[in-house]
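Dear colleague,

I am handing over the structure we spoke of, and below it you will find my notes on what was found. Please read them with the coordinates open beside you.

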Number of protein chains: 2
Amino acid sequence: MNIGNNADMYDIAIIGGGPAGVSAALNAKILNKSFIWFSSRSTSKKVERAELVKNYPGLPDISGSQLAWALKNHAESMGIELREEVVTGVYDTDGKFTLLAGNKDYEAKTVILCLGVETSKPFEGEEEFLGRGISYCATCDGMLYKGKNIAVVCMDKSFEHEIEFLCGVAHTCAVFPLYNGYEIKAQNAQIMLKTPTKYTGDMRVRQVHFKDGKIDVDGVFILKSAISPATLVHGLEVKDGHIVVDRTCSTNIPGIFAAGDCTGRPYQYAKAVGEGNIAVHSAIEFLSKS
Amino acid sequence: MNIGNNADMYDIAIIGGGPAGVSAALNAKILNKSFIWFSSRSTSKKVERAELVKNYPGLPDISGSQLAWALKNHAESMGIELREEVVTGVYDTDGKFTLLAGNKDYEAKTVILCLGVETSKPFEGEEEFLGRGISYCATCDGMLYKGKNIAVVCMDKSFEHEIEFLCGVAHTCAVFPLYNGYEIKAQNAQIMLKTPTKYTGDMRVRQVHFKDGKIDVDGVFILKSAISPATLVHGLEVKDGHIVVDRTCSTNIPGIFAAGDCTGRPYQYAKAVGEGNIAVHSAIEFLSKS
């Protein structure tokens, strides 16, 4: 990892492509700020899968897929680009923030977290060994494991191309597909139909444990779109799984804001777009003072 | 005034027909609560007059009048009725709330204030003499001034029919139309093209003052759609003209919630619909505990 060199500096980085992220992006654009917008998917999976939405004001009886389209279309109609990448880390570096996504880093003066509700809690040892043999980013860290023995814990089918890349680099590759309908073509992939229970090691991760056994590894890749907020941003205040914010959507870290389901209930689209709007206004006020 | 007798009891009373009020009404309906919804107008004047709204997520480049229609249509499509009346007082009566609107009173277990941004500050003496010769409600209190000398201070053309009613009841009627294009037909109306500066009196209001003079009165009617929150609800905490709320949209009075522009900046439709949604969820949680 090469943090903080030669990156463009944005006023605002927005992480998340759900309703809160869309609302933040629209307002950042209208208010003429330089910004970059990341999401692991082009639309929110939660919105897309909603059968019928009756309480998004102005769009009565809309299906989730229609609402997802309407939000995506709104951003596209304003020429806003979504960068379809998972941000795997946000670092506070001398009054600015560095974001790692894919194998690149990006710099921003403020960050708006629109992470949704965390769907997978970290396993035991995951946070402990992150950066010490555990990685969330195949393209960033894959080459470090050339010829080594690795495990890949994968939460979503959309990451299968990364599994194949990792298997191509490593000597042995134990793959834990934690979703239905996997299709993994790499010849050295050893499919493990088990759920990891914990990661252990010494200075670095050494074992992946599951219910009736364990395997030895040199490294573990955990591929998921929803990284827990406290893992993504070191020092972020989180309570009961939700990012703690005040009425201005400010977190405990100056310059970092949060909006939508990740800040707590109600888990509602109207609440999410409202907070996305508020967060941008708060970020701009922060920028004007700094 | 006859407070608290023989009224229906609603779970929720919503005051205000702007985006926050619409959002609250949709959610109260979906969540199957009994509720009553008041607004001085069938749609929000602020929304209607917006030239172009670019940041209401899902409805790109919509005119204010289109957005106002979309919100109104959404509520109507769900069979939600708006009661087009100005609520002139909210009273805390033994763990329930009594609302005065027109010449009737209504009871509710919780109240959601979606009042918008107050556009007219009270004049000097207005709050002091409210209920002691000053009234916001022609139909409630008009008959008390039969054959008397009154002043009517009117903020909006939509109240002209109330001016005519009051002139018909009173002996003399000094009318201060504080808007353009007035058309007042009552024969005893004495049109005053002046702006009141203060109200004075003893135990009751006695004089209306303006820049270069004053008139003696037995009573004053102030007709406006935006009654200041602190005047509407005795004891409500207001700071810099905004109702103080926490992240759950709860005010300092248990059972009273607030949403939209009246709770502060940003004055944005997305923020308003978000808070309308939150306020209903908070009201329902309050109902479940009481």
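Pro266(A) is placed in the loop between β17 (256–258) and α8 (269–289) of chain A, and in this predicted model the peptide bond that leads from Arg265(A) to Pro266(A) is cis, with omega near -5°. In chain B, the bond from Arg265(B) to Pro266(B) is cis as well, with omega near -5°, and Pro266(B) lies in the loop between β17 (256–258) and α8 (269–289) of that chain. These bonds deserve a look, given the general background that most peptide bonds are trans and that most residues other than glycine have a negative phi.

The second part of that background bears on some aspartates of chain A. Asp61(A), although it is not a glycine, has a positive phi of about 45°; this residue is found in the loop between α2 (45–49) and α3 (64–77) of chain A, and it counts as partly exposed because its relative accessibility is 45%, which falls between the cut-offs of 20% and 50%. Asp240(A), also not a glycine, has a positive phi of about 50° and sits in the loop between β15 (238–239) and β16 (242–243) of chain A. Its relative accessibility is 71%, so Asp240(A) counts as exposed.

A further positive phi, of about 55°, belongs to Asp94(A), which lies in the turn of a hairpin that β4(A) and β5(A) form with two residues between them. Strand β4 (residues 87–93) of chain A pairs with β5(A) in the antiparallel sense over six bridges, and within this pairing Gly89(A) stands opposite Leu100(A) of β5(A). Lys96(A) is found in strand β5 (residues 96–101) of chain A. Is Lys96(A) buried or exposed? With a relative accessibility of 19%, Lys96(A) counts as buried, since the cut-off is under 20%. Apart from neighbours within four places in sequence, Lys96(A) is in contact with Met9(A), Tyr91(A), Glu107(A) and Ala108(A).

Turning to chain B, there is an open sheet of five strands, in the order β7-β14-β8-β9-β10, with parallel pairing. Its edge strands are β7 (134–135) and β10 (189–191) of chain B, each of which pairs on one side only. Strand β8 (residues 149–154) and strand β9 (residues 172–177) of chain B pair in the parallel sense over six bridges, and the bridge partner of Val152(B) in β9(B) is Val175(B). Helix α6 (residues 160–169) of chain B has as its buried residues Glu160(B), Glu162(B), Ile163(B), Leu166(B), Cys167(B) and Val169(B); what covers them includes α5 (138–141), β8, β9, β10 and β14 (219–223) of chain B.

As for chain A as a whole, it has eight helices and 17 strands. Its radius of gyration is 19 Å, close to the 19 Å that the globule rule gives for 290 residues, so chain A is as compact as a globular protein of that length. The C-alpha trace of chain A spans about 50 × 45 × 35 Å along its principal axes, and buried residues make up 56% of the 290 residues in the chain. Of the contacts in chain A between residues at least 6 apart in sequence, 56% join residues at least 24 apart. The accessible surface of chain A comes to about 12900 Å², with 47% of it belonging to carbon and sulfur atoms, and the mean positions of its 30 positive and 34 negative charges are 2 Å apart.

With best regards

Terms used: Residues numbered from 1 in each chain as written. Chains lettered and ligands numbered in written order. Predicted model: local features only at pLDDT ≥ 70, side-chain atom pairs only at ≥ 80, totals over all residues. Heavy atoms only, no water. Helix = DSSP H or I, 4+ residues; strand = E, 2+ residues; numbered from the N terminus. Rg over C-alpha atoms; globule rule 2.2 N^0.38 Å. Buried < 20%, exposed > 50% of the residue type's maximum accessible area, 1.4 Å probe, protein only. Contact = heavy atoms within 4.5 Å. Areas by Shrake-Rupley, 256 points an atom, 1.4 Å probe, with all protein chains shown as cover. Lys, Arg positive; Asp, Glu negative; His and termini not counted. Charge placed at Lys NZ, Arg CZ, Asp CG, Glu CD. Pairing = 2+ DSSP bridges.
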